[in-house]
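Trainee: I have a structure to go through today. May we start with how its parts meet?
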Amino acid sequence: MNAFKNAGHLFRLAGVFLAGLMLFLTLRGFLVPKSFGQYGHYRGNSLSEVAARTVNFAGHQSCEACHSDVSDKKAKGKHALVNCEACHGPLAKHADDPSLQPAKLDTAMLCPRCHEANPAKPRTFPQVASAEHSTGLPCDTCHQPHSPVIGARAAK
Amino acid sequence: MNITRRHLLLLLPAAGVAWKHVMAGTPEAAPNYKITEHWWGMLIDLPKCIGCGNCVRACQEENDVPDGYFRTWVERYHVSDYDIENPQVDSPGGGKNGFVASKNKEGKNFFVPKLCNQCADSPCTQVCPVGATFISPDGVVLVDKEYCLGCRYCVQACPYGCRFINPKTDTAEKCTLCYHRITKGLTTACCENCPTGARQLVDLKNPADPIHEFLKTHSVQVLKPSMATHAKVFYNELDGSVR
């Protein structure tokens, strides 16, 4: 024990360090969120927080649950791969509560979004200069939006 | 019981592991979605893109992106036959309202949709000083709004210009690959609304995903491969002039 005879000040210093360490660990325990480090150097709970956002676009599977007549018609035509909300807009609220009716669409404005002629579009994609093609008439005057061939040809 | 120094040394690592477990808390219960069974990315099939801007509008409506800011946008390239290394690029309003046809019909014209490339080695997460941005175990780069200081390091670090500071929250924001949708079995808002199928969500860990066959049979590139970011947004038939 002779070695520790004059070491009292060292023990006091060690005590101060130990108290500091305990304070650090206690504060750390309170301040660092429980989920920090669950998956990596970030808050694990933020994943579920990001995932908790509400969905605005219901997805075509939801639409097809009720509107199978339209989806059957669409599946046979050129618009088979165009999903419902691509034209009709976000309708998750309508899918949750079908009494909320979505607004009617203006085809004179809607169709040219995709089909207005533009040299940067792929050449195989059907395009028209709408001003010459229809002089501003709504496209559904002649075309069926869900299967966009003109009436007489659709009968074939 | 007599605890010798040897016993204590053996106990220390065990205590460390136990402490780490206490700090980690219990993992969140996620029904039906197994975070370790996915590795998300996206395929952009450029020859199919018609520049309609549906993806940009869908993204803004789904994710409440402020006006004038974009988590995804569409660029129009014009490459002259006489100067193929210096394309003219424009993106009026991020391509949100489509593109007015240019009168200049010579040369090559095409659209390139852009978004966060969901890098597997992302520069933005490496520079974040507070652990507010990270790569999730399923391969999506996300931002923790609660932790973000708004210091803008990540905005500068992204080689693709995919991040911005949301003026309302003053925190960094970016494409989440619609994490709230893909974890529920839906596709992203942009993919759902792409009328030509030019954008497709891909899950590289799903052996049944058609992406595996697509990558084998097509000429696919990522943007800025020299940055070694290991981007997971794949561009089919990407023109050499695209930056």
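Mentor: Certainly. Please bear in mind that this is a predicted model. In it, 42 residues of chain A are in contact with 50 residues of chain B.

Trainee: How much area is buried between chain A and chain B?

Mentor: About 3,900 Å² is buried between the two chains, and carbon and sulfur atoms give 58% of that area. The size of an interface is often given as the accessible area lost when the parts come together.

Trainee: How many salt bridges are there between chain A and chain B?

Mentor: The count between these chains is one. The salt bridge pairs A:Arg43 with B:Asp144, and their closest N and O atoms are 2.8 Å apart. In addition, twelve residue pairs are in polar contact across the interface of chain A and chain B.

Trainee: Which helices of chain A supply residues to the side that touches chain B?

Mentor: At least two residues each come from α1, α2 (45-51), α3 (60-66), α5 (84-88) and α7 (107-115) of chain A. The largest share, seven residues, comes from α2(A). By class, this side of chain A has 20 nonpolar, 14 polar and eight charged residues.

Trainee: And over all chains, how many salt bridges does the count come to?

Mentor: The count comes to ten. One of the salt bridges joins B:Glu62 and B:Arg181, with the closest N and O atoms 3.4 Å apart. This pair links distant parts of the chain, 119 residues apart: B:Glu62 lies in helix α2 (residues 54-63) of chain B, and B:Arg181 in helix α5 (residues 179-182) of chain B.

Trainee: New topic: which residues form the nonpolar patch on the surface?

Mentor: The patch consists of A:Leu18, A:Leu21, A:Met22, A:Phe24 and A:Leu25, which together have about 490 Å² of accessible area. A:Met22 is placed in helix α1 (residues 8-31) of chain A.

How values were computed: Residues numbered from 1 in each chain as written. Chains lettered and ligands numbered in written order. Predicted model: local features only at pLDDT ≥ 70, side-chain atom pairs only at ≥ 80, totals over all residues. Heavy atoms only, no water. Patch = residues over 30% accessible without salt bridge, like charges linked within 9 Å, V, L, I, M, F, W, Y side chains within 5 Å. Areas by Shrake-Rupley, 256 points an atom, 1.4 Å probe, with all protein chains shown as cover. Salt bridge = Lys/Arg side-chain N within 4 Å of Asp/Glu carboxyl O. Helix = DSSP H or I, 4+ residues; strand = E, 2+ residues; numbered from the N terminus. Contact = heavy atoms within 4.5 Å. Buried area = accessible area lost by both parts, 1.4 Å probe. Polar contact = N/O pair within 3.5 Å; in protein donor to acceptor, adjacent residues only side chain to side chain. Nonpolar A, V, L, I, M, F, W, Y, C, P; charged D, E, K, R; others polar.
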